[in-house]
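Colleague: I am new to this one. Could you take me through it, feature by feature?

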Amino acid sequence: QVQLVESGGGLVQAGGSLRLSCAASGRTFSTLNMGWFRQVPGKDREFVVGIYWTGAKTDGADSVKGRFTISRDNAKNMIFLQMDSLKPEDTAIYYCAAGNIGLRFDYWGQGTQVTVSS
């Protein structure tokens with residue numbers, strides 16, 4: 001089992017930045033592939049960006065390319081999502097996810113709300 005806890009969400013003005021964190025526990029973090037997703041009420045959950053256990057990063061969703069950066073710190077069992085140049089359409093609940101095989105995620109956090117005001 002893997003437990004994931006997100007933090008860092010909040011209210012920010014358009015053009016601003018936020019840094020989300022996800023703390024993992026329960027099994028060897030360095031072997032996990034990790035990802036960030038987001039969801040707006042009434043819409044499907046959207047993959048934002050991922051990072052493999054090797055440190056290699058996936059392409060981000062087109063909507064966040066050039067603005068969002070994922071990173072991991074294996075010593076702290078954490079991943080991060082640096083979000084810059086935020087737009088109102090980035091408003092969503094952001095979820096951290098973990099898995100062992102490719103981009104199939106078996107474990108999920110509870111989510112953290114990000115609200116971007118115009």
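Modeller: We start with the whole chain and then turn to single residues. Keep in mind that this is a predicted model.

Colleague: Which secondary structure elements does the chain have, and how many of each?

Modeller: Count the elements, then read their order. The chain has 10 strands and 0 helices. Along the sequence, the pattern runs β-β-β-β-β-β-β-β-β-β.

Colleague: How compact is the chain for its length?

Modeller: Compare the radius of gyration with what the globule rule gives. The chain has a radius of gyration of 13 Å, close to the 13 Å from the rule for 118 residues, so it is as compact as a globular protein of that length. The box around the C-alpha atoms is roughly 40 × 25 × 25 Å along the principal axes.

Colleague: What share of the residues is buried?

Modeller: A residue is called buried under 20% relative accessible area. By that cut-off, 42% of the 118 residues are buried. The accessible surface comes to about 6,000 Å². Carbon and sulfur atoms hold 49% of that surface.

Colleague: What do the contacts say about sequence distance?

Modeller: Take the contacts between residues at least 6 apart in sequence. Of these, 55% join residues at least 24 apart.

Colleague: And the charges? How far apart are the mean positions of the positive and negative ones?

Modeller: Find the mean position of each set, then take the distance. Here there are 12 positive and 10 negative charges, and their mean positions lie 4 Å apart.

Colleague: Now single residues. Is Asp90 buried or exposed?

Modeller: Look at relative accessibility. Asp90 has 1%, so it counts as buried, being under 20%. Asp90 sits in the loop between strand S7 (78–83) and strand S8 (92–99).

Colleague: Which backbone atom lies 2.8 Å from a polar atom of the Asp90 side chain?

Modeller: The backbone nitrogen of Lys87. For the wider surroundings, skip the neighbours within four places in sequence. Asp90 is then in contact with Arg38, Arg67, Phe68, Ser85, Val114 and Val116.

Colleague: Ser85 is on that list. Where is Ser85 placed?

Modeller: Ser85 is also in the loop between S7 and S8. With a relative accessible area of 41%, Ser85 is partly exposed. Check its phi too. Most residues other than glycine have a negative phi. Ser85 has a positive one, near 50 degrees.

Colleague: What is the phi of Asn77?

Modeller: About 55 degrees, a positive value, although Asn77 is not a glycine. Asn77 is in the loop between strand S6 (68–73) and S7. Its relative accessibility is 28%, so Asn77 counts as partly exposed.

Colleague: Let us go to a strand. Where does Asn33 lie?

Modeller: In strand S4, residues 33–39. Asn33 is buried, with a relative accessible area of 2%.

Colleague: Which backbone atoms does the Asn33 side chain reach?

Modeller: Look for polar atoms and read off the distances. The side chain of Asn33 reaches the backbone nitrogen of Trp53 at 2.9 Å. One of its polar atoms also lies 3.0 Å from the backbone oxygen of Gly102. Beyond four places in sequence, Asn33 touches residues including Ile51, Tyr52, Ala97, Ala98 and Phe105.

Colleague: How far is Lys57 from Asn33?

Modeller: Give the answer in sequence and in space. They are 24 residues apart along the chain, and their C-alpha atoms are separated by 9.8 Å. Lys57 belongs to the loop between strand S5 (46–51) and S6. At 48% relative accessibility, Lys57 counts as partly exposed.

Colleague: Which residues does Lys57 touch, leaving out those up to four places away in sequence?

Modeller: Gly50, Ile51, Thr69 and Ile70. A polar atom of the Lys57 side chain lies 3.1 Å from the backbone oxygen of Ile70.

Colleague: Last one. Is Gln1 buried or exposed?

Modeller: Exposed, with a relative accessible area of 65%. Gln1 is in the segment before strand S1 (3–7). Setting aside neighbours within four places in sequence, Gln1 is in contact with Ser25, Gly26, Arg27 and Tyr107. From Gln1 to Gly35 it is 34 residues in sequence and 17 Å in space, C-alpha to C-alpha.

Terms used
Residues numbered from 1 in each chain as written. Predicted model: local features only at pLDDT ≥ 70, side-chain atom pairs only at ≥ 80, totals over all residues. Heavy atoms only, no water. Helix = DSSP H or I, 4+ residues; strand = E, 2+ residues; numbered from the N terminus. Rg over C-alpha atoms; globule rule 2.2 N^0.38 Å. Buried < 20%, exposed > 50% of the residue type's maximum accessible area, 1.4 Å probe, protein only. Contact = heavy atoms within 4.5 Å. Areas by Shrake-Rupley, 256 points an atom, 1.4 Å probe, with all protein chains shown as cover. Lys, Arg positive; Asp, Glu negative; His and termini not counted. Charge placed at Lys NZ, Arg CZ, Asp CG, Glu CD. Polar contact = N/O pair within 3.5 Å; in protein donor to acceptor, adjacent residues only side chain to side chain.
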